[in-house]
Amino acid sequence: MPGVYADLRGFVLTHRPCTGPRHTNAGPPTVSGYRLSVVCGCGAEFNRWVTLDDADEDLLKSALLALEN
């Protein structure tokens, strides 16, 4: 089963050519993780619960930066 990073990277690559504003949000951390949400300019949404075991902050941040560029 792919992890959060692989799913997010796939979303970013698919929606990179889209136009319009993109919005990202990482909810407040809890003991079990946090909610990651990305809304593309085309209206597509990526929503995942990120557990602390799944969280590789550097990889997730690089994928989000790729979406913004």
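Of the 69 residues of the protein chain in this predicted model, 26% count as buried. The accessible surface of the chain comes to about 4400 Å², and carbon and sulfur atoms account for 55% of that area. When contacts between residues at least 6 apart in sequence are considered, 43% of them join residues that are at least 24 apart.

The secondary structure consists of two helices and three strands, and reading along the sequence gives the pattern α-β-β-β-α. The three strands form an open sheet in the order S1-S2-S3, with antiparallel pairing. Strand S1, covering residues 23-26, and strand S3, covering residues 45-50, are the edge strands, each of which pairs on one side only. On average, neighbouring strands of this sheet are turned by 5° against each other when direction is ignored.

The two pairings can be followed strand by strand. S1 and strand S2, the latter made of residues 34-39, pair in the antiparallel sense over four bridges, and within the sheet Asn25 stands opposite Ser37 in S2. Helix H1, which spans residues 4-15, packs on the sheet and touches S2 and S3, and the direction of H1 makes about 170° with that of S3. On the other side of the pairing scheme, S2 and S3 also pair in the antiparallel sense, here over six bridges, and Leu36 has Arg48 in S3 as its bridge partner. S2 and S3 form a hairpin with five residues between them, and in its turn Gly43 has a positive phi of about 100°.

Side chains offer a further view of how the helix and the sheet are related. Searching the whole structure for aromatic pairs finds one. The ring centres of Phe11 and Phe46 lie 5.6 Å apart and the ring planes stand at 45°, so the pair is classed as tilted, given that the tilted class holds what is neither under 30 degrees (stacked) nor over 60 (edge-to-face). This pair links distant parts of the chain, since Phe11 belongs to helix H1 and Phe46 to strand S3, and the two residues are 35 apart.

Are these two aromatic residues buried or exposed? The cut-off for buried is a relative accessible area under 20%. Phe11 counts as buried because its relative accessibility is 10%, and Phe46, with a relative accessible area of 3%, is buried as well. The aromatic pair therefore consists of two buried residues, one in helix H1 and the other in strand S3, and H1 is the helix that packs on the sheet and touches S3.

Conventions: Residues numbered from 1 in each chain as written. Predicted model: local features only at pLDDT ≥ 70, side-chain atom pairs only at ≥ 80, totals over all residues. Heavy atoms only, no water. Buried < 20%, exposed > 50% of the residue type's maximum accessible area, 1.4 Å probe, protein only. Contact = heavy atoms within 4.5 Å. Areas by Shrake-Rupley, 256 points an atom, 1.4 Å probe, with all protein chains shown as cover. Pairing = 2+ DSSP bridges. Axes fitted to C-alpha atoms, helices over the stretch in contact; angles between N-to-C directions. Phe/Tyr/Trp six-rings, centres within 6.5 Å; stacked < 30°, edge-to-face > 60°.
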